[in-house]
Amino acid sequence: MPQSTSPELQWLALSAGWCALLWLPYVANRFKELGPPGWAWFPPADPPPRAPWAQRAWRAHLNAVENLVVFAPLVLAVVLAGRQDAGTALAAQLYFWARVGHYAVSIAGLPIMPRTACFLLGVGAQLWLAGRLIQPG
């Protein structure tokens, strides 16, 4: 009898899928600025993007990758240890929406406070998952 996927794993899949798509706006901007890449074996150095939003998109994507490296093992460990509950499901969901918000706020160039708030919400979700793993019982 097939088991349904836990909410934590569903939010992990959505988070990984989201992260996997974040390069698209940046690369679209690169094509706009530089044209498609040539077929040279040794292409010239890749200059930084001229559009400020594209620079922010690139940095937000790197930040998303760096945080997914922490989030994914925590979710997997919680599920494998059988420690999931309503709180871990909520933490996984909050992590996803925090990453979406972080990317949107970053591209928009909003002040540091909303971006930091989104980042810290994601870190808090990670800490919640870690805490669930180290709780006795």
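This is a short talk about the cavity, the nonpolar core, one arginine and the cysteines of the structure above.

Okay, hi everyone. Before anything else, keep in mind that we're looking at a predicted model.

Let's start on the inside. How many cavities of 30 Å³ or more are there? The count is one. Its volume comes out at about 40 Å³. If you want to find it on the screen, look for the residues that line it: S15, W18, C19, A64, L68, Y95 and R99. Three helices each give two or more residues to that lining, namely α1 (7–21), α3 (52–80) and α4 (86–108). The largest share is from α1, with three residues. As for chemistry, the lining has five nonpolar residues, one polar and one charged.

Now, hang on to Y95, one of the lining residues, as we'll meet this tyrosine again in the core. The largest nonpolar core has 22 residues, and the ones touching the most other members are L12, L68, F71, V75, Y95, Y103 and L129. You'll notice that L68 is in that group, and L68 also lines the cavity. Which elements give two or more residues to the core? Those are α1, α3, α4 and α5. The largest share, 10 residues, is from α3.

Back to Y95 for a second. Skipping its neighbours within four places in sequence, Y95 is in contact with S15, A64, N67, L68, F71, G122, A125 and Q126. Among these, S15, A64 and L68 are cavity-lining residues too.

Next up, a charged residue. R132 sits in helix α5, which runs over residues 112–134. So, buried or exposed? R132 counts as buried, because its relative accessibility is 16%, and the cut-off for buried is under 20%. Apart from neighbours within four places in sequence, R132 has contacts with R83, D85 and T88.

Last topic: the cysteines. How many disulfides does the structure hold? Zero. Why is C19 not bonded to C118? The closest cysteine sulfur to that of C19 belongs to C118, and because the two are 16 Å apart, that's too far for a bond. A disulfide would need the sulfurs within 2.5 Å. Seen from the other end, C118 is in no disulfide either, with C19 holding the nearest cysteine sulfur. Both cysteines are tucked away from the surface by our cut-off: C19 is buried at a relative accessible area of 7%, and C118 is buried at 17%. And remember, C19 is also part of the cavity lining we began with.

That's it from me, thanks!

Definitions and conventions:
Residues are numbered from 1 along each chain as its sequence is written. This is a predicted model: local features need pLDDT of at least 70, side-chain atom pairs count only at pLDDT 80 or more; totals for chains, interfaces and linings use all residues. Side-chain values use heavy atoms; hydrogens and water are left out. On a 1 Å grid over the protein atoms alone, a cavity is a set of points where a 1.4 Å probe fits but cannot get out, and a pocket is an open set with protein on both sides within 12 Å along at least five of seven lines; lining residues have an atom within 4 Å of a point. Grid points are joined across faces, edges and corners, and a volume is the space filled by probe spheres set on the points. Helices (H or I, at least four residues) and strands (E, at least two) are DSSP runs, numbered from the N terminus. Ala, Val, Leu, Ile, Met, Phe, Trp, Tyr, Cys and Pro count as nonpolar, Asp, Glu, Lys and Arg as charged, and the others, Gly among them, as polar. Buried means under 20% relative accessible area, exposed over 50%, partly exposed in between (1.4 Å probe, protein chains only). Contact means heavy atoms within 4.5 Å. A nonpolar core is a set of buried Ala, Val, Leu, Ile, Met, Phe, Trp, Tyr and Cys residues joined through side-chain atoms within 4.5 Å.
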